[in-house]
Amino acid sequence: MRKLIIFLVTGMLWCNLGFADYHFRLPKDVASGDKYQLSLEKDFKKHGVQVVHKKDGHPVRAGKKSIRFEVKPGDCGYDEWWSDCKNDRERHELSGTRFGAGKKWYAWSIYVPKDFPIIYPTKTMLGQFYHSSVGPIFGFQNQNPNRGIGGGYHIEKDFVDCVPEGSECSKLYTVASDDDMRGKWTDVLVHANWSFNQDGFFKTWINNELKFEYKGRTLFKTKRPYVYLKFGIYRSFMSRWRNQNNIQDVPGQVLYFDEVRVGKSKKEVVGKLPPLK
């Protein structure tokens, strides 16, 4: 009986942390307008994502709390369709609701600590918009391999230009440098029209300055076409860093997100966010 009670109490605590049924509940202090779940259901570590408090010394953009992500060497989850462990990847991400055609506003603030290690040429994604049966169509990378740059924020526009055949499928656009982001909060605002037609668009502002704009198709006619936001730390091609440095364990990384908002208007997602200091 004692073991049963311990098991039930442990299960309740695990659920309260937000891991029940792979859903992760975020308080209104840090997120609104969407619901989230673990990006990969199996072997998602407890340290992978935590809601933390300003009083404990954690950086916070507004309010009293923020979201802390951490990937340690070997943190590779899996589910019935995919395994990061078998595909040279590590991650801890949260995935949002699947949205179909229509206009959406998205906002988030990201904090890159001063000691955040750059693991270029490994590909590090710090946010992405994922299209069903296609893949990430707009990704926010921590490196620009086309220019040999590690650190910062670089939007990868992927797949949307693959038609007509022979056109370039992947392009990168630098929207913030490493110096712009390290040790401070960066506000990101996105306005997207998810559309099968040429009236689609994807616009991105960094600290209230328009840095990227794409016009054209943003939805593809797959079996169930939808797009959803994923954010956290996603590291691909770990072997690139290992081979370059001849070290097995790629350095762990920690960063913070706050004010993750999804809505139908700019006012709804930005609200009364105070100016950056």
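# Notebook: cavity, pockets, cores and rings

I started with the largest cavity, and its lining is L40, K42, D43, F44, G77, D84, R91 and H92. The model is a predicted one. I looked up the volume of this cavity and got about 30 Å³. My count of cavities of 30 Å³ or more came to one. I then sorted the lining by class: four residues are charged, two are polar and two are nonpolar.

**F44.** I picked this residue out of the cavity lining. I found F44 in the loop that runs between β3 (36–38) and β4 (49–53). Is F44 buried or exposed? F44 has a relative accessible area of 9%, so I note F44 as buried, the cut-off being under 20%. I also checked F44 against Y78. They are 34 residues apart along the chain, and 8.3 Å separates their C-alpha atoms.

**Disulfide.** I searched the whole structure and found one disulfide. Which residues does the disulfide join? The partners are C76 and C85, with an S to S distance of 2.2 Å. I read 100° about the S-S bond, and the link of C76 and C85 is right-handed. The two ends got separate accessibility checks. C76 has 12% relative accessibility, so I log C76 as buried. C85 has 42%, so I log C85 as partly exposed.

**Pockets.** Next I went to the open sites. The largest pocket holds about 820 Å³ of space. I listed 30 lining residues for this pocket; D79, W82, Y130, Y228 and K230 lie nearest its centre. Which elements give two or more residues to that lining? They are β3, β6 (89–95), β8 (123–131) and β15 (227–236). By class I have 13 nonpolar, ten charged and seven polar residues in the lining of the largest pocket.

The second largest pocket came out at about 320 Å³. I have 15 residues in its lining, with V60, R61, W185, L276 and K277 nearest the centre. The classes there are seven nonpolar, five charged and three polar.

**Cores.** How many residues does the largest nonpolar core have? I got 46. The residues with the most contacts inside this core are Y106, W108, F129, Y153, W194, F202 and F231. A second core stands separate and has five residues, among them W105, L189, W205 and V269. I add a general note: nonpolar side chains tend to be buried together in soluble globular proteins.

**N208.** I followed L189 from the second core to N208. The C-alpha atoms of N208 and L189 are 7.6 Å apart in space, and the two residues are 19 apart in sequence. N208 sits in the loop between β13 (201–206) and β14 (209–215). I read 74% relative accessibility for N208, so N208 goes down as exposed.

**Rings.** I counted aromatic pairs last and got 21. I examined the pair of Y173 and F212. Why is this pair called tilted? The ring planes stand at 55°, with the centres 5.0 Å apart, so the pair counts as tilted. Y173 is in strand β11 (residues 170–176) and F212 in strand β14, so the pair ties together parts 39 residues apart in sequence. Y173 is partly exposed at 30% relative accessibility, whereas F212 is buried at 5%. I also traced a cluster of linked ring pairs: Y106, W108, F129, F138, F140, Y153, Y173, W194, F202, F212 and Y214.

Methods
Residues are numbered from 1 along each chain as its sequence is written. This is a predicted model: local features need pLDDT of at least 70, side-chain atom pairs count only at pLDDT 80 or more; totals for chains, interfaces and linings use all residues. Side-chain values use heavy atoms; hydrogens and water are left out. A nonpolar core is a set of buried Ala, Val, Leu, Ile, Met, Phe, Trp, Tyr and Cys residues joined through side-chain atoms within 4.5 Å. Buried means under 20% relative accessible area, exposed over 50%, partly exposed in between (1.4 Å probe, protein chains only). A disulfide is a pair of cysteine sulfur atoms within 2.5 Å. On a 1 Å grid over the protein atoms alone, a cavity is a set of points where a 1.4 Å probe fits but cannot get out, and a pocket is an open set with protein on both sides within 12 Å along at least five of seven lines; lining residues have an atom within 4 Å of a point. Grid points are joined across faces, edges and corners, and a volume is the space filled by probe spheres set on the points. Ala, Val, Leu, Ile, Met, Phe, Trp, Tyr, Cys and Pro count as nonpolar, Asp, Glu, Lys and Arg as charged, and the others, Gly among them, as polar. Helices (H or I, at least four residues) and strands (E, at least two) are DSSP runs, numbered from the N terminus. Rings of Phe, Tyr and Trp (its six-membered ring) pair if their centres lie within 6.5 Å; planes under 30 degrees apart count as stacked, over 60 as edge-to-face and the rest as tilted.
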